[in-house]
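Visitor: Hey, can you walk me through this one? I'd like to start with any empty space inside.
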Amino acid sequence: MSTGVIAPPRRPEIKTDLPGPKGIKIIEADAKFVTPSYPRPDYKLVAERGRGVWVEDVDGNVFLDCNAGVAVCATGHCHPEVVQAIQEQAAEMIHMCGTDFYYRHMPQLAEKLDAIVPVQSPTRTHFANSGTEAVETALKLAMHATGREKFIAFFNSFHGRTLGSLSLTSSRASQRKGFKRQALDVVHVPYPNEFRNPFSAADCGDGGAGQGALNWIEERLFKTTTPPEEVAAIVVEAVQGEGGYVPAPKGFLQGLRRICDQHGILLIIDEVQSGMGRTGKMFASEHYGVKPDIITIAKGIGSGLPIGACVARAELMNWKPGAHASTFGGNPVCIASALKTIELLEGGLVQNAAEVGAYLKVGLERLMQKYECIGDVRGFGLMLGVEFVENKTTLKPAPELRDRIEYACYERGLIILGAGANTIRWSPPLILSKENVDVALEIFDEAIAASI
């Protein structure tokens, strides 16, 4: 019989100093034996287990996860249906190499992707193991299909760290330092960030930052260094991820589509971070009504298992056997996880991302009104960025404050992560509830107050 008493929402539980004694030993061993190249934040989380939106470290501290393993765990940690799908497939077959033999799983997932991606059907899919591999596939395919070698990308973009995708990536100097020249012929254009418009009024006309970027391509690049007939593809994120969770302005992607159609250039949209329901639609480009020629997918598609995909118009993917392959690409266990993930996304999690994301955004906007140090709140669904500034008059970036707030959240049991120089990204599991949001916003508020 109900007592009528409503239980308080679950909260994080911090039981030790952070990191705890067990965590410290693991961190010390990591420093001795593991590459130091990993870009870890100031706080040191040693994760041991996860359930839903909760992560427990090796010392028993429990955190509310609003990062989802950098936008990967779309269905939450260890969703029971995903775990079951993985276990059942692992008991049948783990690997036989889908590039030499056949799995029923590969056409099954490829057919599903044909149905849900914004690329014009019919499509074909190449399976990879990560986001950067999916981007490498897109680059090779664009060169093969067009016979051209040049690419256009955008400053503050992130497309991966392997040498081809690194030629596109331009979010941090540390990602390029020590690796000399670009592997590919890529020219970069300022990304049309509406909060920090990099273009002059003359560039923009009456079309804002988006028009400024389009004019830069057509009136500068095409007339000076980069003849359009030599460009294989324009590569763009519908929402810049590592660059600060910056959505494309209205009209910008449509303008890129027009330019590509006019000059026989392929449009590649990187949805590695923004895809698979994160923005409240299955793909962020759907907010803009744009159909790319090639789309890259990873992160959220596998609920934590390593899988990437490059989906392209079928007529483009006419390369011959041996042109591009991967020993592990299309692994049946990863595909089983992806198929179950998509089922759950279509079954309500995309809609939840839209609804709970809107609720979270309103709460963050209230904090922006409260604090002089929050300059901007932006994004779609559960892909939201909060940019920190010294004050609302100068809008000077405040990266040190951002880092202090990030750490203060960790101390209070909230896992978030930075993006760009001075932005905090909110990329929680798509199962996040409004009750979880209330707890997260309370902690975020406390962390800001303690950090300014």
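Guide: Sure. The lining of the largest cavity has five nonpolar, three polar and two charged residues. Here Ala, Val, Leu, Ile, Met, Phe, Trp, Tyr, Cys and Pro count as nonpolar, Asp, Glu, Lys and Arg as charged, and the others, Gly among them, as polar. A cavity is a set of points on a 1 Å grid over the protein atoms alone where a 1.4 Å probe fits but cannot get out, and lining residues have an atom within 4 Å of a point.

Visitor: Which residues line the largest cavity?
Guide: Among them are Ala-71, Val-272, Arg-278, Lys-299 and Leu-430.

Visitor: And how much space lies in it?
Guide: About 40 Å³, taking volume as the space filled by probe spheres set on the points, with grid points joined across faces, edges and corners.

Visitor: Is this from an experiment or what?
Guide: This is a predicted model: local features need pLDDT of at least 70, side-chain atom pairs count only at 80 or more, and totals for chains, interfaces and linings use all residues. Residues are numbered from 1 along each chain as its sequence is written, and side-chain values use heavy atoms, leaving out hydrogens and water.

Visitor: New topic: what is Leu-113 in contact with?
Guide: Leaving aside neighbours within four places in sequence, Leu-113 is in contact (heavy atoms within 4.5 Å) with residues including Phe-127, Ile-297 and Ile-342.

Visitor: Cool, and the sheet? What's the strand order?
Guide: It's an open sheet of four strands, β1-β2-β3-β15, with mixed pairing. Strands are DSSP E runs of at least two residues, numbered from the N terminus, and two of them pair if DSSP finds at least two bridges between them.

Visitor: How many bridges join β1 to β2?
Guide: Four, and the two strands run antiparallel. Ala-47, for one, has Asp-57 in β2 as its bridge partner.

Methods. On a 1 Å grid over the protein atoms alone, a cavity is a set of points where a 1.4 Å probe fits but cannot get out, and a pocket is an open set with protein on both sides within 12 Å along at least five of seven lines; lining residues have an atom within 4 Å of a point.
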